[in-house]
Amino acid sequence: MKTSIIQIIFSFFLLAGTSVAFAQKDCSNVEPKEQKSCFDRLVAFNLSELIEYPESAQVDQIEGKVLVRFTTDENNQIGNIQIIGKSNPELNEAVLAAVQKLADSNQDGMILAGSVYRIPVQFRLE
């Protein structure tokens, strides 16, 4: 069977000197003007760790991109989770499940309160 790859698309995070292999665990010591960008990368990284490529999608060789959008309230609670655009239902469910796991986890220091996140996720088989 082909190797499955789940990739958070970092194209909107790529700035001069910014590494795709971002693994910072805390954005509290970042300059205020860079804080939202730091949290965007942190949330994307943590989300990528939670996404599981659906086995049936792998067997059927289904690939694609899923764009997920969600918000955080003043208490860092994730809500308003939605898939934007059209994509494969199995892949959508995998992303929604991962966002729900992120929402159910302890997010202290992982997300920025009162924010909107739009994260593209690429499912690819190699």
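**Exercise 1. Leaving aside neighbours within four places in sequence, which residues is S115 in contact with? Then place S115 in the fold and decide whether it is buried or exposed.**

Solution. We're working with a predicted model here.
- Start with the contacts: once neighbours within four places in sequence are set aside, S115 touches K36, F70, T71 and T72.
- Next, the location: S115 sits in the loop that runs between α3 (89-104) and β4 (116-125).
- Last, the burial: the cut-off for buried is under 20% relative accessible area. S115 comes in at 7% relative accessibility, so it counts as buried.

**Exercise 2. Which residues have the most contacts inside the largest nonpolar core, and which element gives the most to this core?**

Solution.
- The largest nonpolar core holds 29 residues, and F70, V95, I119 and F123 have the most contacts inside it.
- Two or more residues come from each of α1 (35-50), β2 (64-72), α3 and β4.
- Of these, α3 gives the most, with seven residues.

**Exercise 3. Take a closer look at α3: what should its 16 residues span, and which of its residues are buried?**

Solution.
- Length check: 16 residues at 1.5 Å a residue should span 22 Å, and the end C-alpha atoms of α3 are 22 Å apart, so the two agree.
- Buried residues: in α3 these are L91, N92, A94, V95, A98, V99, L102 and A103.
- To read that pattern, recall that an α-helix has 3.6 residues a turn, so residues three or four places apart point the same way.
- Partners: the buried residues of α3 pack against α1, α2 (55-59), β2, β3 (78-84) and β4.
- Finally, the start of α3: a side-chain oxygen of N88 comes within 2.8 Å of the backbone nitrogen of E90.

Note on methods:
Residues numbered from 1 in each chain as written. Predicted model: local features only at pLDDT ≥ 70, side-chain atom pairs only at ≥ 80, totals over all residues. Heavy atoms only, no water. Helix = DSSP H or I, 4+ residues; strand = E, 2+ residues; numbered from the N terminus. Buried < 20%, exposed > 50% of the residue type's maximum accessible area, 1.4 Å probe, protein only. Contact = heavy atoms within 4.5 Å. Core = buried A, V, L, I, M, F, W, Y, C linked by side-chain atoms within 4.5 Å. Expected span 1.5 Å × (residues − 1). Polar contact = N/O pair within 3.5 Å; in protein donor to acceptor, adjacent residues only side chain to side chain.
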